[in-house]
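Subject: Structure for your review

Dear colleague,

I am handing over the structure we spoke about, and I would be glad if you could keep it open beside this message while you read.

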Amino acid sequence: MTVMENASERTSVGAAPPPAHPRPEGQDRYAISEVAAFTGLTAHTLRWYERIGLMPHVDRSHTGQRRFTNRDLDWLGFVGKLRLTGMPVADMVRYAELLREGEHTFEARQELLEATRRDVRTRIAELQDTLAVLDFKIEFYAGARRVPERPSA
């Protein structure tokens, strides 16, 4: 089993469609440099992800070069979203391990994602509060410029 979810698993209502792949299924063998270009990750990061178990099943060519697939690109896209949430790498690796263990880990995976969602919602609330302060200050300065100066007495 790979670290990608099965395509047959349900998707959320309103979920974004998966990104278009550069190559069709069956012709999707990408070198590490191509994956780096597609994802914006460095080759060093991709190798590190493989070493720590975040991408443990990358195929190899007969010469030993890594060969990534569309499924790997999808997984890296998901990992990128997890990174944006601020999820610790250890939790991402744990999620990947749970995924490889099979369907009996659905509950544990859900709990991990729900905890991350709670953290994200907390950060969003903090950012909204910060945005309100910035908006107030911007309005204050915009209003201060509109008030004409009074002549000195």
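What follows is an account of what was found in it, beginning with the overall fold and going on to salt bridges, a pocket and the surface.

Please bear in mind throughout that this is a predicted model, and that the values below were computed from it. The secondary structure of the protein consists of five helices and two strands, and when these are read along the sequence they follow the pattern α-α-β-β-α-α-α. The protein has 153 residues, of which 27% are buried.

Turning to charged side chains, a search of the whole structure gives six salt bridges. As general background, side chains of opposite charge can pair when their charged atoms come close. Which residues are linked in a network of such bridges? They are E50, R60 and R66. In the bridge between E50 and R60, the closest N and O atoms are 3.3 Å apart, and this pair links distant parts of the chain, since E50 belongs to helix 2 (residues 43–52) and R60 to strand 1 (residues 59–60), 10 residues apart. The side chains of R66 and E50 also meet in a salt bridge, at 2.4 Å from N to O; because R66 lies in strand 2 (residues 66–67) while E50 is in helix 2, this pair ties together parts that are 16 residues apart in sequence. As for accessibility, E50 counts as buried because its relative accessibility is 15%, under the 20% cut-off for that class, whereas R60 is partly exposed, with a relative accessible area of 43%.

Another of the salt bridges joins R29 and D28, whose side chains meet at 3.6 Å from N to O. Here too the two partners can be described by their accessibility: D28 counts as buried, at 3% relative accessibility, while R29 is partly exposed, with a relative accessible area of 44%.

The second largest pocket may also interest you, and its volume is about 250 Å³. It is lined by 14 residues, and those closest to its centre are F38, T39, L73, L76 and G77. Two elements, helix 1 (32–39) and helix 3 (70–85), give two or more residues each to this lining, and helix 3 gives the most, with six residues. By character, the lining of this pocket divides into seven nonpolar residues, five polar ones and two charged ones.

On the surface, L131, L134 and I138 form a nonpolar patch, and together they have about 290 Å² of accessible area. I138 lies in helix 5, which covers residues 106–146, and I138 is classed as exposed because its relative accessible area is 54%, over the 50% cut-off.

Is L99, by contrast, buried or exposed? L99, which is found in helix 4 (residues 89–101), counts as buried, at 0% relative accessibility. L99 and R109 are 10 residues apart in sequence, and their C-alpha atoms are 7.6 Å apart in space.

If you look at one place in the viewer to begin with, you might choose E50, which is buried and takes part in the salt-bridge network with R60 and R66.

With best wishes

Terms used
Residues are numbered from 1 along each chain as its sequence is written. This is a predicted model: local features need pLDDT of at least 70, side-chain atom pairs count only at pLDDT 80 or more; totals for chains, interfaces and linings use all residues. Side-chain values use heavy atoms; hydrogens and water are left out. On a 1 Å grid over the protein atoms alone, a cavity is a set of points where a 1.4 Å probe fits but cannot get out, and a pocket is an open set with protein on both sides within 12 Å along at least five of seven lines; lining residues have an atom within 4 Å of a point. Grid points are joined across faces, edges and corners, and a volume is the space filled by probe spheres set on the points. Helices (H or I, at least four residues) and strands (E, at least two) are DSSP runs, numbered from the N terminus. Ala, Val, Leu, Ile, Met, Phe, Trp, Tyr, Cys and Pro count as nonpolar, Asp, Glu, Lys and Arg as charged, and the others, Gly among them, as polar. Patches are made of residues with over 30% relative accessible area and no salt bridge: like charges are joined within 9 Å, nonpolar side chains (Val, Leu, Ile, Met, Phe, Trp, Tyr) within 5 Å. Accessible areas come from the Shrake-Rupley method with a 1.4 Å probe; for residues, only the protein chains shown count as cover. A salt bridge is a side-chain nitrogen of Lys or Arg within 4 Å of a carboxyl oxygen of Asp or Glu. Buried means under 20% relative accessible area, exposed over 50%, partly exposed in between (1.4 Å probe, protein chains only).
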